[in-house]
Amino acid sequence: MATVTFDKATRIYPGTDRAAVDKLDIEIADGEFLVLVGPSGCGKSTSLRMLAGLEDVDDGAIRIGDRDVTHLPPKDRDIAMVFQNYALYPHMTVADNMGFALKIAGVNKTEIRTRVEEAAKILDLTEYLGRKPKALSGGQRQRVAMGRAIVREPQVFLMDEPLSNLDAKLRVQTRTQIAGLQRRLGTTTVYVTHDQVEAMTMGDRVAVLKDGLLQQVDSPRNMYDRPANLFVAGFIGSPAMNLVEVPITDGGVKFGNSIVPVNREAIAAAAEKGDRTVTVGVRPEHFDIANGEAKALAKDEPAGVAVTVNVVEELGADGYVYGTAEIGGEQKDIVVRVGGRQVPMKGEVLHVVPRAGETHVFSTSSGERLSD
Amino acid sequence: MTAVDSPRPIPSLPARLTARFGGGAMRLALLLVALFWLVPTLGLLVSSLRGPTDIQSSGWWQVFTSPAQLTLHNYASLMGNSAITHALLNTVLITVPATLLVVVIGAAAGYAFAWLEFPGRDWLFLLLIGLLVVPVQVALIPVTDLYARLGIFGSLFGVILFHTAFGLPFAIFLLRNFFAEIPRELLEAARLDGAGELRLFARVVLPLGGPAIASLAIFQFLWVWNDMLVALIFANSNSAPLTVALQQQTRQFGDNIDVLSSGAFLSMVIPLAVFFAFQRQFVNGIMAGAVK
């Protein structure tokens, strides 16, 4: 068990100018499950491989516990990794695959056997111990890869998109199993994924990266409720947050035919930078359908924004309306969540008002969060 | 989608032939071709089992009408010929080390070229590929000169060294390309599991290289076993292998056919045995199940 610290860790691939991972600063607590998430090419896998020792660290340091491992070879770091494609030794049986590290470490045979059997029991692999990987299904291979990490009893688990080769149903099931297993073992875990649903459901904390830069590290709840910038706001949440550029007015910002109240200092800060607009973010579930009921800015028009329904996705419990609205003279795509029992028809016009206190305001020029 | 929508795949040539002529006729044709190819070998085998007078007086196919001709006499006289048995031992003493050395050094070098980072690696590999096109013949005179100075001319060691040196470029080329196909994650997983380079090589890379190493071993074994040119030049009468010894059994008057036929057949049968021993290794999909 140990903490993990990225201390301004930087990786610049030879022959490139831009850092693949730029001064990454994260402190991971003992026993914590941290998820690195971001679009492809954001540096999340590189960060993980730096921690594993598979990638050089050009600047800064990485520590596991109090130990500086920045330049240690992988074998001296006491970590175990689960690869995206599992990387099982094809010429060894499941038991040998799982016991390989222990064998190298010189653990005696009976102890290897006990530990492998224990791990196999946890992962439901007992009857497959004598098989070769090619005689296993994808899900079973994935579990062998997990088992290989578990029997090591390492200080840190590293997982590089371990679920991306499973089918959708198995992925959801395994997701819960991995998270449960990690809680039970209490081993510090760093988990890389591009799937923000995985990130939100599994992590104690989530770190969002983009272009090698850390955008925000926070609990899934805070990440969802208070995204630090436009990128995080758009990346976390599915369907994504509606982000609309609107002009600044007195007492707030004008959103269609309503005023969204915004913190005065935030507006002042934006105005000071010379911005005339801010970007307002509203999650699909934070729109209220206010067909003529809410307070309108102009008396003769209904309140809120008129959204023309293009597509309705019915998911059973609720539905998502994909529509377009004219805001500030431009056609914008808007997603609104509606109750599963009263979905509008295609072509209908909805008047939606953002719920008070559930809006996010970002600076249009810098992308930083203005409201709190 | 129904089958009508998708373009019908064009069947392969054997499939079309089978469809047209039927499986039985196809098999018969293949069998005839195979028999045709085997006739000279069969003739050699039968000759080696007939006495010298029979061989000289009639063709080997006579054996089908008078099988009483068959005798193991030739093999007995072959085994009694100390020049031949000594040469057979020499062949083994040359072929086995020359094969093992090429496989071991080739595998280590192949791994290094595929996975270790060192300065000048790619240039060195390019140079190696260049060596592939150097024919043995251009090296004969300079190497003879070199061996004479080193005092290893005529020795078994000299012959082994020559075969090893000329076997290596192809061995390294073949194994490097095979090892390069090993998924990177597999090696990384082994490193994370605590394996150093040596253990990684012995426990992961070598077992995975099985099919390529087996092919290489067979090629090299056959090449060295059947070689006459190199041995004729670099071996002396004491270190000459079977090929050279058999050639020396030919006489200007009288053909010594009893020793030649049995010796030639023996020289053919041993590599065949080696081939069948390694054939089990040619299993497809040794990498199956490694990734995904």
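## Strands, helices and a chain contact

Thr277(A), in strand 14 of chain A, has Pro247(A) standing opposite. This is a predicted model, so read what follows with that in mind.

Let's stay with that strand for a moment. Strand 14 of chain A covers residues 277-282, and 5 of its 6 residues are buried, so the rest of the structure largely encloses it. Strand 14 has pairing partners, listed here.

| Partner of strand 14 (chain A) | Sense | Bridges |
|---|---|---|
| Strand 11 (residues 242-249) of chain A | antiparallel | 6 bridges |
| Strand 20 (residues 359-363) of chain A | antiparallel | 5 bridges |

On the strand 20 side, Val361(A) is the residue that stands opposite Val280(A).

Now for a helix in chain A. Does the length of helix 4 agree or disagree with what its residue count predicts? Helix 4 runs over residues 138-152, and its 15 residues should span 21 Å at 1.5 Å a residue; the end C-alpha atoms sit 22 Å apart, which agrees. Helix 4 of chain A is also mostly covered, with 12 of its 15 residues buried. Among the buried ones are Arg141(A), Arg143(A), Arg148(A) and Arg152(A), along with Val144(A), Met146(A), Ile150(A) and Val151(A).

What do the buried residues of helix 4 pack against? Their partners within chain A are strand 6 (79-82), strand 7 (156-160), helix 2 (94-104), helix 3 (109-123) and helix 5 (168-185). Just past the end of helix 4, Glu153(A) adopts a positive phi of about 50°.

For wider context, the UniProt record (an unreviewed entry) lists residues 4-236 of chain A as "domain: ABC transporter". In the model, that span is 37% helix and 24% strand, and its end C-alpha atoms lie 24 Å apart.

Over in chain B, helix 6 (residues 136-150) has 15 residues and reaches 20 Å from first C-alpha to last, close to the 21 Å expected at 1.5 Å a residue. Where is the kink in helix 6 of chain B centred? The centre is Pro142(B), and the kink is about 35°. After helix 6 comes Gly151(B), with a positive phi near 75°.

Finally, the two chains touch each other. The contact draws 25 residues from chain A and 23 residues from chain B. On the chain B side, helix 8 (184-192) and helix 9 (197-208) each supply at least two residues. Helix 8 of chain B gives the largest share of that side, 6 residues. By type, the chain B side splits into 13 nonpolar, 4 polar and 6 charged residues.

Key. Residues numbered from 1 in each chain as written. Chains lettered and ligands numbered in written order. Predicted model: local features only at pLDDT ≥ 70, side-chain atom pairs only at ≥ 80, totals over all residues. Helix = DSSP H or I, 4+ residues; strand = E, 2+ residues; numbered from the N terminus. Expected span 1.5 Å × (residues − 1). Buried ≥ 20, exposed ≤ 12 C-beta atoms within 10 Å, placed from the backbone. Contact = placed C-beta atoms within 7 Å. Nonpolar A, V, L, I, M, F, W, Y, C, P; charged D, E, K, R; others polar. Bend = angle between axes of the 7 residues up to and from the residue. UniProt positions renumbered as here; feature names shortened; annotations may be inferred. Pairing = 2+ DSSP bridges.
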